[in-house]
Amino acid sequence: MESMIRDIHLAPQGQLKLDWVAAHMPLLNQIKNNYEKELPFRGKKVVICLHLEAKTGYLGQVIKAGGADVCMVASNPLSTQDDVVAALVDSGIQVHAWYNATDEEYKMHLHRGLDFHPDLVIDDGGDLVSTLHKERPQQLTEIIGGCEETTTGILRLRAMEKDGTLNFPMVAVNDAFCKYLFDNRYGTGQSVWDGINRTTNLVVAGKTVVVAGYGWCGKGVAMRAKGLGARVIVTEVDPIKAIEAIMDGFTVLTMEEAAPLGDFFITVTGNVDVIRKEHLAVIKDQAILANAGHFDVEVSKKDLSALAVSKLRVRNNIEEYVLKDGRKIYLLAEGRLVNLAAGDGHPAEIMDMTFALQALSLQYIFEHRDELSPHVYEVPREIDQKVAAMKLHTLGVKIDNLTEQQKKYLAGWEN
């Protein structure tokens, strides 16, 4: 089956991007070297549904180096980089994706990926696994298992598990320490502001930033906003996280209270209608709305369109909505993931850790296929620890080891 891409002639440009990230992803380089020798996925087919840019592209090449036949599809139509896609096809990976795919094209690409008849899957947001279960149940027995990248995807998987509809084991990569402590916090924190700043070309210092959601991604976004000189307001539904935000030095308000105050609004909840009609009715003139959750549902585009008398694209990735009273609201990247739809995503060094987890977790699923039932599994602690140790080694950092006496002390209860 042939790939469905925009333009194969973009491959040289995409290869430069792949070369750049490979030079800054030493963990994946080490895993790739091991895979080329061991071929742990020899003869198996792997479908990877991720944001198709250079870092994820390199993960696909690492899995391919392990002996797998690899097919890649996009998890978000606005994050696909056509030059990287072309380079991946040129390197022998089948791809079905292009930038700014319509909803119909996006679904078609997912189905083309499933036509590949994978043995293993890597998903981002749960669309691939959901499509398998809802629309192609005849293929479920072909799947050994897979990995899920995001909070949103894991929520969907756990709902499937609770309903008894999940048909194969999945590893919750997002729940690993080496994922959420670094990727979600430092990766999202930096890349969200990279996307906003390059898109708006406006100053952040001295302005008010409203961060909706104080999970690990929200913590990173708020921390970076503070570092850029902004006043930060956090909105939350979880009282524990709200207290945490207060003790981290931020103001906590409801969204209705924050709406007239914010200059920038960033949603990071994974939920629907976080900013909706009643908030838009009182929101500050020239407010900038951005989303860093997986799906474009956190800012209600339906309510925004209903309240607006006009809509205009005033800059690349910025839509201006003019309300009846003359207030203007700016929505970035159609409400999709601003760090990928309007940027290059997380830094390579951060994703090096996450994708090391992905590769090793996929290998774990395959090697333990006879032991694992259809459940959502945590990343084994030894894999989490291994990735952390590999990262420290690349940084040239050594840490202490427990002595035998210390191990005995910690293991006992009578001391």
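**Exercises on salt bridges**

In this predicted model, Glu334 has a relative accessible area of 35% and is therefore partly exposed.

**Exercise 1.** Determine which side chain meets that of Glu334 in a salt bridge, and establish whether Arg336 is buried or exposed.

*Solution.* Step one: the side chain of Glu334 meets that of Arg336 in a salt bridge, with 3.7 Å from N to O. Step two: buried means under 20% relative accessible area, and Arg336, with a value of 15%, is buried. Step three: salt bridges that share partners join Glu334 and Arg336 with Asp296 and Lys301 into one network.

**Exercise 2.** Find how far apart the closest N and O atoms of Asp296 and Arg336 are, and explain which parts this pair ties together.

*Solution.* Step one: in the salt bridge between Asp296 and Arg336, the closest N and O atoms are 3.8 Å apart. Step two: Asp296 lies in the loop between strand 11 and helix 13 (301-307), whereas Arg336 lies in the loop between strand 14 (328-332) and helix 14 (338-341), so the pair ties together parts that are 40 residues apart in sequence. Step three: Asp296 counts as partly exposed, at 22% relative accessibility.

**Exercise 3.** The structure holds 18 salt bridges; for the one formed by Asp263 and Lys284, locate both residues.

*Solution.* Step one: the two side chains, Asp263 and Lys284, meet at 2.8 Å, N to O. Step two: Asp263 sits in the loop between helix 11 (255-258) and strand 10 (264-267), and Lys284 in the loop between helix 12 (277-280) and strand 11 (287-291), so parts 21 residues apart in sequence are tied together. Step three: Asp263 counts as buried at 16% relative accessibility, while Lys284, at 31%, counts as partly exposed.

Key. Residues are numbered from 1 along each chain as its sequence is written. This is a predicted model: local features need pLDDT of at least 70, side-chain atom pairs count only at pLDDT 80 or more; totals for chains, interfaces and linings use all residues. Side-chain values use heavy atoms; hydrogens and water are left out. A salt bridge is a side-chain nitrogen of Lys or Arg within 4 Å of a carboxyl oxygen of Asp or Glu. Helices (H or I, at least four residues) and strands (E, at least two) are DSSP runs, numbered from the N terminus. Buried means under 20% relative accessible area, exposed over 50%, partly exposed in between (1.4 Å probe, protein chains only).
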